[in-house]
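Thanks, everyone, for making the time this morning. I would like to walk you through one helix and then through some aromatic side chains, so please have a look at the model first.

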Amino acid sequence: MIKIRSRTAVALAMYALSLCALPAPVADAHQQVTTLDPLDAVVTAVPPDKLGLSWHPGCPVPASDLRLVQMNHWGFDDQVHRGELVVRARAVAPLLQVFGQALEAKFPIRQMRVMAEFDGDDEAAMAADNTSAFNCRAVTGDPSEVSQHSYGDAVDINTLENPYVDVNEKVYPAAGAAFLDRSRQAKGMIHPGDVIMQAMRGVGWQWGGRWSPPDYQHFSANGRSA
C-alpha cells in the first residue's frame with residue numbers, strides 16, 4: 001500500500017474514489033501532491049516543456065486535465081531511479097497504486113521518461129524501452145484510429161521486453177520480436193499473475209496482451225487501444 005500524508009487530502013480523495021470505481025475529482029492544476037517513501041511521488045500540473053510535441057490543439061484531453069507524476073521506480077540495475085509520467089488527472093491515483101506495488105516488489109523498469117523527450121515519436125520511445133503514458137497520437141501501425149494514450153489513461157511498460165504487434169503483424173520495436181515467446185522469464189517481462197498484472201487488475205485496468213494481435217506492453221483504463 002502507498003502511504004499518503006494526511007495533509008494531502010486531494011491525493012487521498014482521488015485514491016479512495018478510484019478504488020470505489022467512481023470518477024476521481026480533478027485536483028487544482030497548481031496543487032502539489034506528495035506521497036511518502038519509497039515511491040516519493042510528486043504530482044503537479046504539466047510544464048509546457050514536459051508536453052512538447054506530445055500534445056497539440058485538437059487533442060481529446062486539454063493540457064489542463066493532465067498531470068506530471070514524478071516517482072521512484074526499480075531499475076534493471078537493481079537500483080532505485082527517478083522517473084516521470086504524464087497522465088490524465090483521474091489516472092493518477094490508480095497508477096500510483098500500481099507503480100507503488102511494482103516498486104515494493106522490485107519489478108524492474110528500464111526507464112520512465114515523458115514523451116516530450118522523444119518528440120512524441122512512439123516508435124523511438126519503444127526502441128528505447130521506455131515506459132510512458134500520455135501521447136496524443138494515432139495508433140501506431142493504424143493511423144485511422146486515435147490511440148488511447150491520447151486520453152492519458154493508458155500506459156506502456158518496458159516496451160522492448162513486452163512488444164506490440166500491429167494489425168499488419170509488424171512487431172514494435174523490431175528487437176522486441178525476441179520476446180514474443182512469452183514462455184521466457186526475462187527481466188522486465190509482464191506475465192499473467194505477476195505483480196504488474198495483479199496491480200492493474202486491482203485498479204480495474206486491462207492488458208493488451210490478451211488481444212490478437214497482442215500488445216504486451218499496454219494497459220488502459222477502458223481495456224482498449226483506441
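What follows concerns helix α5 and its surroundings, and then the aromatic rings, all in a predicted model.

Let me begin with α5, which runs over residues 195-203 and has I196, M197, A199, M200 and V203 as its buried residues. These residues lie on the same side of α5, because they cover an arc of only 165° around the axis. As a reminder, an α-helix has 3.6 residues a turn, so residues three or four places apart point the same way. On the other side of α5, R201 and G202 are exposed.

What do the buried residues of α5 pack against? Their partners are the helix α3 (92-104) together with the strands β7 (154-156), β10 (206-207) and β11 (218-220).

As for the ends, the N-terminal one is capped by D194, which has a side-chain oxygen 3.2 Å from the backbone nitrogen of I196, while just after α5 we find G204 with a positive phi of about 85°.

Turning to the rings, the structure holds 3 aromatic pairs. Y164 and Y172 are stacked, since their ring centres are 5.6 Å apart and their planes stand at 25°, and both of these tyrosines are buried. W207 and Y216, by contrast, count as tilted, because their planes are at 50°, with the centres 5.9 Å apart. Both W207 and Y216 are buried, and they form one aromatic cluster with F219.

Finally, Y216 also has the charged end of R182 over its ring, 4.2 Å from the centre, and elsewhere R110 lies over the face of F76, at 3.9 Å from the ring centre.

Note on methods
Residues are numbered from 1 along each chain as its sequence is written. This is a predicted model: local features need pLDDT of at least 70, side-chain atom pairs count only at pLDDT 80 or more; totals for chains, interfaces and linings use all residues. Side-chain values use heavy atoms; hydrogens and water are left out. Buried means under 20% relative accessible area, exposed over 50%, partly exposed in between (1.4 Å probe, protein chains only). Helices (H or I, at least four residues) and strands (E, at least two) are DSSP runs, numbered from the N terminus. The arc is that of the directions from the helix axis to the C-beta atoms. Contact means heavy atoms within 4.5 Å. A polar contact is a pair of N or O atoms within 3.5 Å; within protein, one must be able to donate a hydrogen and the other to accept it, and residues adjacent in sequence count only if both atoms are side-chain atoms. Rings of Phe, Tyr and Trp (its six-membered ring) pair if their centres lie within 6.5 Å; planes under 30 degrees apart count as stacked, over 60 as edge-to-face and the rest as tilted. A charge sits over a ring if NZ of Lys or CZ of Arg is within 6 Å of the ring centre and within 35 degrees of the ring normal.
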